[in-house]
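Here are my notes on the model you sent round. They cover confidence, the pockets and two helix contacts.

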Amino acid sequence: MMDRAQKKKLYLTSLMVSVVATAIGSGAMGVMLSSIIDAYDLQTAQEGYMSSCISAGALAALLGGILLRGRVSKPAFIFWGGTLMSVMLLLKGTAIPFGVFLAVCTAMGLGMGVMDSFQSAFLADLIPERSAQGLGVLHGIFGVGGFALPLAADWLKFDMGQVYVMIGLVCLALMLQFGLASRKMAHDRLFAVKLETSGNFSQIRNFIKQPYFFVLLLCIFLGAAAQNGVLVWTVRYVSGTLKSEALAPLCLSLFWIASTVSRVMTPRLPVRP
């Protein structure tokens with residue numbers, strides 16, 4: 001019979017495993033971009049539509065998450081966001097028109113944005129005394145998931161539809177295990193849920209009025225643009241422009257290795273915000 005600490009550790013492990021699904025969803029577009037362009041015969045200006053739709057969905061998730069805070073539990077946000085993302089990945093594996101594909105990308109970004117926002121917040125609720133170290137591990141696991149995806153997709157040699165169905169099923173399985181763990185956790189009452197005040201537009205306005213808000217916003221904007229550029233376009237550039245299809249997934253995986261090391265080590269630096 002497991003005691004309270006052991007059950008909490010298992011639940012924390014379940015949360016970490018769900019992060020792999022977030023990593024797979026985040027890296028899927030970069031791995032599949034060339035196949036999508038070929039399948040829909042896209043022109044240069046259209047090649048960036050998919051990542052823009054995913055980003056728009058993620059932005060909507062961020063704003064919606066603020067307004068729904070305190071009304072919906074964090075585990076529910078994570079589970080339903082991950083389920084939405086998984087179903088959208090499965091839909092991408094079917095023969096759908098390009099307009100529908102863009103709508104699916106937006107919905108996928110919505111689910112992915114919800115997961116990304118609330119996984120870190122929920123981890124801090126579970127282990128408030130070790131949240132910095134826990135976030136380092138969480139982000140490290142995210143990097144491992146991103147590292148494995150391009151290598152696995154290249155090794156399997158599946159077509160676009162098969163890859164999307166495969167990763168959709170994997171992500172769905174990862175989210176189902178988290179959903180089952182969350183239900184068990186709530187039943188056993190292993191920890192007190194942190195109560196939060198409901199979000200509203202006044203909180204957003206107050207945050208915007210903070211003196212360093214626009215500096216922080218600029219840093220986030222540049223960082224997100226740089227990361228998105230690497231994740232989405234590396235495989236396309238190396239395989240298309242440099243004519244090295246064998247090196248393309250390796251280059252993307254090397255980025256994830258460096259990212260993983262950075263995410264794990266940063267919380268251990270003697271520097272705080």
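1. A term first, since the pocket linings are given by helix: helices are DSSP runs of H or I of at least four residues, numbered from the N terminus. A residue counts as lining a pocket if it has an atom within 4 Å of a grid point of that pocket.

2. The model is predicted. Its chain has an average pLDDT of 81, and 90% of the residues reach at least 70. Among the elements, H3 has the highest confidence, with a mean of 93, and H7 the lowest, with a mean of 69. Where pLDDT is low, predicted coordinates should not be read in detail.

3. The largest pocket holds about 2,000 Å³ of space. Its lining consists of 49 residues, and those nearest the centre are Ala58, Leu62, Asp116, Ser117 and Ile220. Two or more lining residues come from each of helix H1 (4-40), helix H2 (49-68), H4, helix H5 (131-156), helix H7 (201-208) and helix H8 (213-241). H7, one of these contributors, is also the element where confidence is lowest. Sorted by class, the lining has 28 nonpolar, 16 polar and five charged residues.

4. The second largest pocket has a volume of about 510 Å³. It is lined by 21 residues, with Val31, Ser35, Asp154, Val235 and Glu245 closest to its centre. At least two lining residues each are supplied by H1, H5, helix H6 (160-188), H8 and helix H9 (248-265). H1 gives the largest share, five residues. By class, this lining splits into eleven nonpolar, four polar and six charged residues.

5. On helix packing, take H3 and H4 to begin with. Helix H3 (residues 74-92) packs on helix H4 (residues 98-126) at an angle of about 150 degrees, and the axes are 7 Å apart. Angles over 145 degrees count as roughly antiparallel, so H3 is roughly antiparallel to H4. The crossing of H3 past H4 is left-handed. The contact between H3 and H4 has 20 nonpolar, four polar and three charged residues.

6. H4 also packs against H2, at an angle of about 40 degrees and with the axes 6 Å apart. Because of that angle, H2 is oblique to H4. H2 passes H4 in a right-handed crossing. Both H2 and H4 are among the helices that give two or more residues to the lining of the largest pocket.

7. A last point, on where to look with care: which element has the lowest mean confidence in the chain? That is H7, at 69, and H7 helps to line the largest pocket.

How values were computed:
Residues are numbered from 1 along each chain as its sequence is written. This is a predicted model: local features need pLDDT of at least 70, side-chain atom pairs count only at pLDDT 80 or more; totals for chains, interfaces and linings use all residues. Side-chain values use heavy atoms; hydrogens and water are left out. Axes are lines fitted to C-alpha atoms, for helices over the stretch in contact, and angles run from 0 to 180 degrees between N-to-C directions. Angles under 35 degrees count as roughly parallel, over 145 as roughly antiparallel, 65 to 115 as roughly perpendicular and the rest as oblique. A crossing is left-handed if the near helix is turned anticlockwise from the far one by less than a right angle, and right-handed if clockwise. Ala, Val, Leu, Ile, Met, Phe, Trp, Tyr, Cys and Pro count as nonpolar, Asp, Glu, Lys and Arg as charged, and the others, Gly among them, as polar. On a 1 Å grid over the protein atoms alone, a cavity is a set of points where a 1.4 Å probe fits but cannot get out, and a pocket is an open set with protein on both sides within 12 Å along at least five of seven lines; lining residues have an atom within 4 Å of a point. Grid points are joined across faces, edges and corners, and a volume is the space filled by probe spheres set on the points. pLDDT is the predictor's confidence in each residue, from 0 to 100.
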